[in-house]
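Subject: Structure handover

Dear colleague,

I am passing on the structure we discussed. Please look it over together with the notes that follow.

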Amino acid sequence: MTEKHQGMPEPGKSHPGVTRSLLLFQVAALELRSVDLQSPRNNKEHHTQEMGLKRLILRRGQLFHLQLSFNRPFQSQSDNVTFVAETGPEPSELLGTRGTFLLTKVHHGDVWSASDFTTDSSSLQVSLFTPTNAVIGPYSLTLEISQGQGHSVTYPLGTFILLFNPWNAEDDVYLPSEILLQEYIMRDYGFVYKGHERFITSWPWNYGQFEEDIIDICFEILNKSLYYLKNPSKDYSQRNNVVYVCRVVSAMINSNDDSGVLQGNWGEDYSRGISPLEWNGSVAILRQWSARGGQPVKYGQCWVFASVMCTVMRCLGVPTRVVSNFRSAHNVDRNLTIDTYYDRNAEMLPTQKRDKIWNFHVWNECWMVRKDLPPGYNGWQVLDPTPQQTSSGLFCCGPASVKAIREGEIHLPYDTPFVYAEVNADEVIWLFGDGQAQEILAHNTNSIGKEISTKVVGSDQRQNITSSYKYPEGSMEERSVFMKASRKTLGPKRASSTFLDLLRSGGIGDQPVRLQLHLTRTPEWGQDLLLMLHIRRVPGRTHPQGSIGLVVRFCAQALLHGGGTREPLWRHMVQLNLDSGKETQWPLLLPYSSYRNKLTDEKLIRVSGIAEVEETGRCMLVLKDISLEPPHLTIEVSERAEVGKALRVHITLTNTLTVALSSCTMVLEGSGLIDGQIANDLGTLMAGHSVHIKMELYPIKTGPRQLQVLISCNEAKEIKGYKDILITAAGAS
């Protein structure tokens, strides 16, 4: 725009009011020429550089920096600019999904702001701040430049993703330890603990939360939840609340109500998908779910659900770990007891009740402040994405405060009674005959909630965290908490029952004989199993005097993950006499031919024995669970590991079994080492033979990494190994 000016002052002179008019006419309208989001710098400062440096990924409650270039120098006194940050389908300041903020010299308060700016030539360097309670998610950022008289021009500055910030003391997920943050946010691999309380195995898992597309898939998960589909704006507005986000993710990892990530399968037919035992990590699962438009991935069980949730929550910025509970109760009727039944032939019987005791169950703990609870219940909270039962109408569970579980404060939300029972329920074992429960064989107050485990911080070792869930078994505090929880669960008027009457009558543990079953050598799949029965007479006034006759009936059954069993695969009977004060041993042989092709993929056997005293008819129970080890593989790598340089890998598997391993396949995975997965067919491996696989990998990222190797075959689904590898920058000495 040009304009002819009259009455210009002579050189060296000025007229009043003319100078200001000249400046106004000479300064062109401010126009944005370019913007630098400074993603590499910002992402490093916000601990998101592992997600990449190309796009801006921020944590809330923390400054980030922009550089704006204009058509002329920026005049802070006269140029009026407004920043606008928006997220969600209908951004609104009222709902917290829109922030509008002016440029100020100094940052004040926990609000959206643009401050601490400096000008240089035609550029403006400015620091922006997001509130510590801001909604997480993808944002658009725009700049409105006022042109005067109510007119303005809007320029898009770009987009950014906002996450929870556990480094910020004002954030609800603040974790005041850099060592813990490195483990529970930044570590992209870990271990799940599986098996049996006496045979715990570590199962390496690739979380992969920093793989480039995972963050987008995490928000895709939130956008497919029933809460979002019902009311998108309201759902977005609640994404500043970590308790809300955790509950949504817990529901969305399973697919029982929605287009969730995983479909559970606790049967034994996985022909329409992939066996839960054959997953190495979360990345392949999340990518498949996204690529197929939200179709649930087949199949998952508890450790898969929990591991995928760990990936999502760490990606979103919530400190998270995976926790395994051995002998985990599923107490549907909420009476804090789980009943199991055996007949006189020592066969464990199926039950119509939905109550069960899982060999192990896996869930998550997320770290957060619980503003919705009384003081004292912050910290680790249980979240369980495995679909066991509904909570507020959806299959989700938690967050339940671990502290509340320990103290029996089961009235506190969410789902605390259910989790309390998982680690604290009593087990009652019944002798069943003639269509009814005849007598109690055992009342175990300490057989549920064993060896609660998670990975040690900064180590590959297992940590026993049982004491954070309950007081020592049998202690006064533990029984006191149990009674408090029982009163809250069952009410003050506990109805009379056959069970309670029998408990009150006592005498359950008053038996004339002590029985124990031991393995005499390490059990290996493909070998005969050797056991020893130890029998000892117990003196007592109420017991028969002199010699007694015992008939001991044994039964072996394949033990299922859900705590049930298959049909008997072996039976045996022993008759003997035992004098008072004496003890004896009796060897037992369970041949390989009896259990071959009879076990599940988890290779667990329950050997049970019912001993009947001929003189009194009283019965006693003895149990032994056996876990059969699969063959082991070894992984060797070359000494130096650099980004972009060939890393030699040598994998060896020796078939130590007496039978061939058929249809063997191998899958390699490891974030920072491999883009996706590497799969190979290995064919058949004969008994006693070895297979050697040599290959070269080209690492992608620096830092500590983990290579995971899974070999599956028809005979053994979970031959797994791992190797920790430290990757250095190319050329680093």
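**Cavities**

The largest cavity holds about 80 Å³ of space. Please keep in mind that this is a predicted model. In total there are three cavities of 30 Å³ or more.

The lining of the largest cavity is made up of Glu-183, Tyr-184, Tyr-189, Gly-190, Phe-191, Tyr-207, Arg-314, Arg-321, Val-322, Thr-454 and Lys-455. Four elements, α3 (178-186), β10 (189-196), β14 (320-330) and β21 (450-455), each contribute at least two residues to that lining. The largest share, three residues, is supplied by β10. Sorted by class, the lining of the largest cavity contains five nonpolar, two polar and four charged residues.

For the second largest cavity, the volume is about 40 Å³. Around the second largest cavity are Asn-331, Arg-334, Leu-336, Pro-417, Phe-418, Ala-421 and Thr-489. Here α11 provides the largest share of the lining, three residues. By class, four residues of this lining are nonpolar, two are polar and one is charged.

**Domains and core**

The chain divides into four stretches: domain 1 (32-163), domain 2 (178-487), domain 3 (513-627) and domain 4 (633-727). Taken over C-alpha atoms, the centres of domain 1 and domain 3 are 71 Å apart.

In soluble globular proteins, nonpolar side chains tend to be buried together. In this model the largest nonpolar core comprises 88 residues, and Trp-303 and Tyr-469 are the ones with the most contacts inside it. Helix α9 (residues 302-316) gives the most to this core, namely twelve residues. At least three residues of the core come from each of domain 1 (32-163) and domain 2 (178-487).

Val-304 is also a residue of helix α9. Its relative accessibility is 0%, so Val-304 counts as buried. Along the chain, Val-304 and Ile-253 are 51 residues apart, and their C-alpha atoms are separated by 9.6 Å.

**Salt bridges**

There are 36 salt bridges in the structure. Three pairs and one network are described here.

Arg-247 pairs with Asp-415, with 3.4 Å between the closest N and O atoms. This salt bridge links distant parts of the chain: Arg-247 is in helix α7 (residues 242-253), while Asp-415 is in the loop between α10 (402-407) and α11 (416-424), 168 residues apart. Are the two partners buried or exposed? Arg-247 is buried, at a relative accessible area of 8%. Asp-415 is buried as well, at 19%. The helix α11 that follows this loop is the element with the largest share in the lining of the second largest cavity.

Glu-278 and Lys-717 form another salt bridge through their side chains, at 3.8 Å from N to O. Glu-278 sits in the loop between β12 (262-264) and α8 (283-291), and Lys-717 in the loop between β35 (703-712) and β36 (719-727), so this pair ties together parts that are 439 residues apart in sequence. Glu-278 has a relative accessibility of 28% and therefore counts as partly exposed. Lys-717 is buried, with a relative accessible area of 19%; the cut-off for buried is under 20%.

In the third pair, the side chains of Arg-571 and Glu-347 meet in a salt bridge at 3.0 Å, N to O. Arg-571 belongs to strand β26 (residues 565-578), whereas Glu-347 is in the loop between β15 (337-342) and β16 (356-368), so the salt bridge ties together parts that are 224 residues apart in sequence. Arg-571 is partly exposed, with a relative accessible area of 45%. Glu-347, at 14% relative accessibility, counts as buried.

The network of salt bridges links Glu-50, Asp-188, Lys-701 and Arg-705.

Regards

Methods. Residues are numbered from 1 along each chain as its sequence is written. This is a predicted model: local features need pLDDT of at least 70, side-chain atom pairs count only at pLDDT 80 or more; totals for chains, interfaces and linings use all residues. Side-chain values use heavy atoms; hydrogens and water are left out. A salt bridge is a side-chain nitrogen of Lys or Arg within 4 Å of a carboxyl oxygen of Asp or Glu. Buried means under 20% relative accessible area, exposed over 50%, partly exposed in between (1.4 Å probe, protein chains only). On a 1 Å grid over the protein atoms alone, a cavity is a set of points where a 1.4 Å probe fits but cannot get out, and a pocket is an open set with protein on both sides within 12 Å along at least five of seven lines; lining residues have an atom within 4 Å of a point. Grid points are joined across faces, edges and corners, and a volume is the space filled by probe spheres set on the points. Ala, Val, Leu, Ile, Met, Phe, Trp, Tyr, Cys and Pro count as nonpolar, Asp, Glu, Lys and Arg as charged, and the others, Gly among them, as polar. A nonpolar core is a set of buried Ala, Val, Leu, Ile, Met, Phe, Trp, Tyr and Cys residues joined through side-chain atoms within 4.5 Å. Domain bounds come from an automatic or database domain assignment.
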